[in-house]
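Visitor: Could you walk me through this protein and show me how each label is earned?

Guide: Gladly; let's put the structure up and begin in the middle of it.

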Amino acid sequence: MAIRIVIAEDSFLVREGVRRVLDLQGDLEVVGTAADLPQLLAAVDEHAPDVVVTDIRMPPTSTDEGIQAAIGFQSSRPGMGVVVLSQYAEPAYATPLLATGSAGRAYLLKERVGDPQVLIQAVRTVAAGGSVIDPAVVEALVTDSIRAKTSPLAGLTARERDVLAQIAQGRSNAAVGAALFLTERAVEKHINALFAKLGLGAEPDVNRRVMAVLLYLSAQKGGASTPKM
């Protein structure tokens, strides 16, 4: 039996181009198309496809609807494959898609899909439960992982990171506590712990807060070096 496919893409030209490429294959059948997230969800409910091919961004918000849909399908349609087409090789998009497993998932850059066989093979692969990740995305994920491990923030607990993020917004200890539902004393303990882990033990408290914020902002921008004052 043919692999049944739903295509989700807000650009009419891209959507029809993908449809034509896939429909020309004897073992593939496009059973539905969608221009936005509600249409995608409706098409999946109506046609129960074997594979969804979706853009990352589409209405209504044009942010990450494709990724969020793919994540939702892992629980609501566990046997259905998803091919995500993207202009971005950034880990921020690929990581959530792959966080709970890569089986039946593909992440392809649109520039690679200039070769129709790349898309065709990806559809067949995810339909069989396999995965396909664009080499540029793999490289970005590896680089991001290495950066995270070498960052000065790597040794902080999740709660200490939350506290530091609040400090970076210029909030006092009391305001941090209110935002995170912690006592002011608990906030102080977390702050002292993160100061120690970041090697900020000798400077006055004001300078330590500034240095900790600089380290945090540096890591957020992708750098792992220690800022100097």
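Guide: This is a predicted model. In its largest nonpolar core, which has 23 residues, Leu40, Val52, Phe73, Val84 and Tyr107 touch the most other members. At least two residues of this core come from each of β1, β2, α2, α3, β4, α4 and β5. Helix α3 gives the largest share, 4 residues.

Visitor: What makes a set of residues a nonpolar core?

Guide: The members must be buried residues of the nonpolar kinds, such as Val, Leu, Phe and Tyr, joined through side-chain atoms within 4.5 Å. In soluble globular proteins, nonpolar side chains tend to be buried together.

Visitor: Which residues is Val84 in contact with, leaving aside its neighbours within four places in sequence?

Guide: Val84 is in contact with Thr54, Ile56, Ile67, Leu97, Ala106, Tyr107 and Leu108. Contact here asks for heavy atoms within 4.5 Å.

Visitor: Why is β4 called mostly covered?

Guide: Of its 6 residues, 6 are buried. The two faces tell the story: Gly81, Val83 and Leu85 are buried on one side, and Val82, Val84 and Ser86 are buried on the other.

Visitor: How do you know that β3 and β4 are paired?

Guide: Pairing takes at least two bridges between two strands. Strand β3 (residues 51-55) and strand β4 (residues 81-86) are joined by 5 bridges, so they pair, and they run parallel. Val51 stands opposite Gly81, and Thr54 has Val84 as its bridge partner.

Visitor: What is the order of the strands in the sheet?

Guide: The order is β2-β1-β3-β4-β5-β6, an open sheet of 6 strands with parallel pairing. Strands β2 (28-34) and β6 (132-133) are at the edges because each has a single partner strand, which leaves one side of each without a neighbour in the sheet.

Visitor: Which helices lie on those strands?

Guide: Helix α1 (residues 12-23) lies across β1 (3-8), β2, β3 and β4, and runs at about 165° to β2. Helix α3 (residues 65-76) packs on the sheet too, where it touches β3, β4 and β5 (105-109). The direction of α3 makes about 165° with that of β5.

Visitor: What puts the buried residues of α4 on the same side of that helix?

Guide: The buried residues of α4 (residues 91-98) are Pro91, Tyr93, Ala94 and Leu97. They cover an arc of only 160° around the axis, so they are on the same side of α4.

Visitor: Why is Gln39 called partly exposed?

Guide: Partly exposed is the class between under 20% and over 50% relative accessible area. Gln39 has 37%, so partly exposed is the right label. Gln39 is in helix α2 (residues 37-47). The C-alpha atoms of Gln39 and Ala8 are separated by 8.1 Å, with their positions 31 residues apart along the chain.

Visitor: And why does Gln166 count as buried?

Guide: Buried means under 20%, and Gln166 has a relative accessibility of 11%, so Gln166 counts as buried. Gln166 lies in helix α7 (residues 158-168). Not counting residues up to four places away in sequence, Gln166 touches Arg171, Val176, Ala179 and Leu180.

Visitor: Why does Phe181 count as exposed?

Guide: Exposed means over 50%, and Phe181 is at 77% relative accessibility, so Phe181 earns that label. Phe181 lies in the loop between α8 (173-180) and α9 (184-197). Phe181 also has a positive phi of about 60°, although it is not a glycine.

Visitor: Where is Ser62 found, and what is its phi?

Guide: Ser62 is found in the loop between β3 and α3. Its phi is near 55°, a positive value in a residue other than glycine. Ser62 counts as partly exposed because its relative accessibility is 37%.

Visitor: What kind of peptide bond joins Pro59 and Pro60?

Guide: A cis peptide bond, with omega at about 15°. Pro60 is in the loop between β3 and α3.

Visitor: How do the totals for the protein look?

Guide: The protein has 10 helices and 6 strands. Of its 229 residues, 38% count as buried. The accessible surface comes to about 11,600 Å², and 55% of that belongs to carbon and sulfur atoms.

Methods
Residues are numbered from 1 along each chain as its sequence is written. This is a predicted model: local features need pLDDT of at least 70, side-chain atom pairs count only at pLDDT 80 or more; totals for chains, interfaces and linings use all residues. Side-chain values use heavy atoms; hydrogens and water are left out. Buried means under 20% relative accessible area, exposed over 50%, partly exposed in between (1.4 Å probe, protein chains only). Accessible areas come from the Shrake-Rupley method with a 1.4 Å probe; for residues, only the protein chains shown count as cover. The arc is that of the directions from the helix axis to the C-beta atoms. Axes are lines fitted to C-alpha atoms, for helices over the stretch in contact, and angles run from 0 to 180 degrees between N-to-C directions.
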